[in-house]
Structures are given as C-alpha cells and as structure tokens.
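Biologist: Could you take me through one part of this model up close? I'd like to see how a single strand fits in with its surroundings.

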Amino acid sequence: TVVTAGSNPLSTQDAVCAALVEDGVHVFSRRGMSSQEYTDNLREMLKWDPQIIIDDGGDVVSMIINERRDLIPNIMGGCEETTTGIMRLRAMVAEGVLPFPMIAVNDAQSKHLFDNRYGTGQSVWDAIMRTTNLIVAGKRVVVAGYGWCGKGTARRAAGMGAKVIVVEVDPHKALEALMDGFDVLNMEEASKVGDVFISVTGNTKVIRKEHFQNMKDGVLLCNAGHFDVEVYVPDLADVSVETVKSRENIDTYVLADGRRLHLLGEGRLVNLAAGDGHPVEIMDLSFAMQLLSAIYISGTELATGLYNVPDELDKNIAELKLESLGLKIEKLT
Ligand code: NAI
C-alpha cells in the first residue's frame with residue numbers, strides 16, 4: 001500500500017494526484033492547501049501505520065518523533081530526498097532522537113550532481129520566465145548560495161545572458177564562483193544592484209529587512225531552497241505599506257517611497273510553486289534512488305542512524321541511466 005502527501009504546501013499538482021489515485025495510491029494533498037491543511041494531511045497519511053518513510057524535507061520524520069512515537073516500532077526506516085531534510089536528520093542524530101535508520105539519498109552522486117544542479121538550474125528559470133514573461137538577458141541576477149542548486153541556477157542565468165552575482169558564506173564556494181566567472185559580493189552590496197534575487201541555501205533570513213530597504217524599484221524576489229524562510233517574508237511585510245497581487249504567483253510589496261518588490265510563489269520553492277518542478281528526465285534518477293534505497297532498507301538490518309546510499313547502488317543507477325540513453329562508456333582493462 002502506498003500513501004502519499006505533498007512535501008510542501010504549494011508543490012502539489014492536482015492532475016498528478018488524480019493519476020496516482022487511478023493507480024491505487026492513497027493521496028492526501030491538493031493544489032492551494034493552507035499550511036494547516038498541509039500539516040493535517042501529513043497526519044492523515046500517518047494514520048496508515050507506515051513501515052517505510054520516503055521523506056522530502058524532513059517534515060514526516062519530525063512529525064513521527066514529535067506526535068506519533070507509537071508508530072516507531074513498526075517502521076523499518078526511510079530515505080530522505082533533499083539537502084535540508086538531511087541537515088535536519090543530522091541534527092536529530094546529534095541530539096540522539098532519530099528513532100530508525102534513514103538513507104541520505106540527496107548525498108548520493110546520482111542525486112545531487114544532477115537533480116540539484118541541472119534540475120533546479122533549469123526549473124527555477126522555467127518558473128521565473130513563465131511567471132513573469134520578462135527577459136533574462138542583461139539582467140543582474142543575484143544567486144545566494146553556490147552549492148549544488150546554486151551552481152546550476154547561476155550557470156543557466158549566465159547562459160541566457162544575465163550578469164550573475166553570487167553571494168556565499170563559504171570562502172571556498174565564493175572563490176569557486178569567482179573562478180567560474182561570476183561576480184562575488186555580500187548581500188548588502190548585491191541588494192543595491194540586483195534585478196532578480198534567488199536564494200538557494202537551506203538557511204534562514206538570507207534576504208531580509210536591511211536588504212529589502214536597499215533594493216531598486218521592480219526587483220524580482222524568489223526562493224528555491226526547501227523552506228519559505230530564505231527570502232524573509234515577515235520583514236518584507238514590515239517594510240512595505242501595501243501588498244498587491246499583481247499577477248498569478250506574484251505578490252508585489254510596495255514600500256513607503258513607492259518602490260515595488262515582486263515576490264514570486266510566496267517565497268516558497270519557486271520552481272514548484274510557480275512551475276512544474278524538475279524535468280522527468282532528471283527525476284527518474286532521484287526516484288530510482290529513492291525506490292532502490294527503500295528496497296535496500298526493507299531487506300537490510302540497520303541500526304538507528306543516518307546512512308549513505310551504498311556506492312554500488314549509486315553507481316548502478318548511473319549505469320542504468322546511461323544504458324537507457326543507449327550510451328556505452330569505457331571499461332578499464
Ligand atoms: P548545498 O549545501 O550544496 O549549498 C548551499 C550553499 O548555501 C552552501 O554553499 C552554503 O555555504 C551556502 N549558504 C548558507 N547560508 C548562506 C547565506 N546566508 N548566504 C549565502 N550563502 C549561504 O545545498 P543544495 O543542495 O544546493 O540545496 C540548497 C537548498 O535547496 C536546500 O534547502 C535544498 O533542500 C533545496 N533544494 C531545492 C530544490 C528545488 O527543487 N528547488 C532541489 C534540491 C534541493
């Protein structure tokens with residue numbers, strides 16, 4: 001029995017839910033859920049007494065620990081899809097509260113090298129372009145976070161003719177961005193010159209009050225990190241005198257002096273809230289990782305803890321992908 005719910009309040013597509021229901025999957029999600037309905041749906045899902053958890057962002061595992069400890073004896077373990085979820089699992093391990101084994105799917109090569117970099121890189125821009133119908137070429141695009149997702153997002157912006165500025169906190173990543181050909185600034189300086197801002201860090205309050213106050217009229221604000229806390233919306237509301245829904249998936253915050261800051265997809269993952277997410281040709285890799293990791297969990301005695309995907313399994317998925325594309329690679333003699 002497969003039971004599913006959205007992993008973010010704004011990420012569900014109703015047609016996908018309908019197709020899953022036709023295939024016998026139990027679905028607790030719909031487009032346009034409030035945060036409360038989202039959480040209630042996770043609770044409904046857990047009423048099915050799960051044995052294996054496939055999580056994306058860590059909300060399900062955290063709900064089991066906080067509200068449904070009675071389910072723990074029946075759970076063999078699970079897999080986590082994204083960087084933010086793994087950060088949360090690491091914190092649970094450090095506090096000694098993770099109650100079953102979890103596989104860090106995101107950390108496998110077949111996941112982050114492709115899904116995070118090329119998937120996010122493409123789908124973030126698809127969402128921004130279809131939502132705004134504005135030109136990318138010539139714009140100053142500020143990408144906060146030069147990790148796997150940030151690299152893809154920055155590279156694609158440059159490919160479309162944008163002038164890319166990277167904001168980082170890690171000195172190696174900042175140098176990497178510089179040598180990849182991008183400008184590197186802190187957010188204080190970047191906020192004065194950017195036309196489009198994209199946060200993709202997994203951190204919180206990355207773009208906040210003092211930055212909004214510096215921004216030019218008409219800037220676009222987007223987040224592609226897992227939670228809606230990177231472009232800090234409470235600060236945005238604080239500095240503005242009026243909010244107008246100026247287009248589908250765009251809320252315009254008007255400052256006292258008339259400057260307009262346009263927030264896409266409510267500051268939630270822009271590629272899911274205002275787009276279709278990653279192409280299927282990327283998600284096949286991630287979902288294959290999830291499925292094979294779930295099978296691995298169900299057939300292996302593992303102690304409580306956070307595990308990497310076994311190398312063999314990771315490599316096998318890359319081989320299968322190459323095979324599906326009809327490509328042959330060299331073998332060492
Ligand atoms: P990563 O760990 O590879 O990169 C994050 C980078 O952000 C790091 O280099 C870090 O130094 C930097 N950073 C942290 N705080 C910062 C700050 N205040 N200002 C500037 N830089 C800062 O992580 P990855 O894989 O790139 O994921 C980033 C986020 O995107 C996570 O929340 C992840 O869950 C999410 N994600 C979203 C996807 C989507 O479809 N939108 C797909 C995959 C991941």
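**A close look at β7**

Modeller: Let's start with one pair of residues: Ile165 has Asp183 in β8 as its bridge partner. Keep in mind that this is a predicted model. Strand β7 covers residues 163–167, and its pairing with β8 is parallel, over 2 bridges. Another partnership with β8 joins Val166 to Val184. To get from β7 to β8, the chain goes through helix α7, residues 171–179, and this β-α-β crossover is right-handed.

Now for β6. Here β6 and β7 also pair in the parallel sense, this time over 5 bridges. Val143 has Val166 in β7 as its bridge partner. The chain travels from β6 through α6 to β7, and that β-α-β crossover is right-handed too. So what does α6 touch? Helix α6, residues 148–159, packs on the sheet and touches β6, β7 and β9, with its direction at about 170 degrees to that of β6. As for how covered β7 is, 4 of its 5 residues are buried.

Zoom out and you'll find an open sheet of 8 strands with mixed pairing, in the order β8-β7-β6-β9-β10-β13-β12-β11. The edges are β8 (183–184) and β11 (240–247), each of which pairs on one side only. There's another helix to look for: α5, residues 109–132, lies across several strands, including β6 (140–144), β9 (196–199) and β10 (219–223). Helix α5 runs at about 140 degrees to β9.

Definitions and conventions: Residues numbered from 1 in each chain as written. Predicted model: local features only at pLDDT ≥ 70, side-chain atom pairs only at ≥ 80, totals over all residues. Heavy atoms only, no water. Pairing = 2+ DSSP bridges. Contact = heavy atoms within 4.5 Å. Axes fitted to C-alpha atoms, helices over the stretch in contact; angles between N-to-C directions. Buried < 20%, exposed > 50% of the residue type's maximum accessible area, 1.4 Å probe, protein only. Right-handed = clockwise from strand over helix to strand, strands pointing away.
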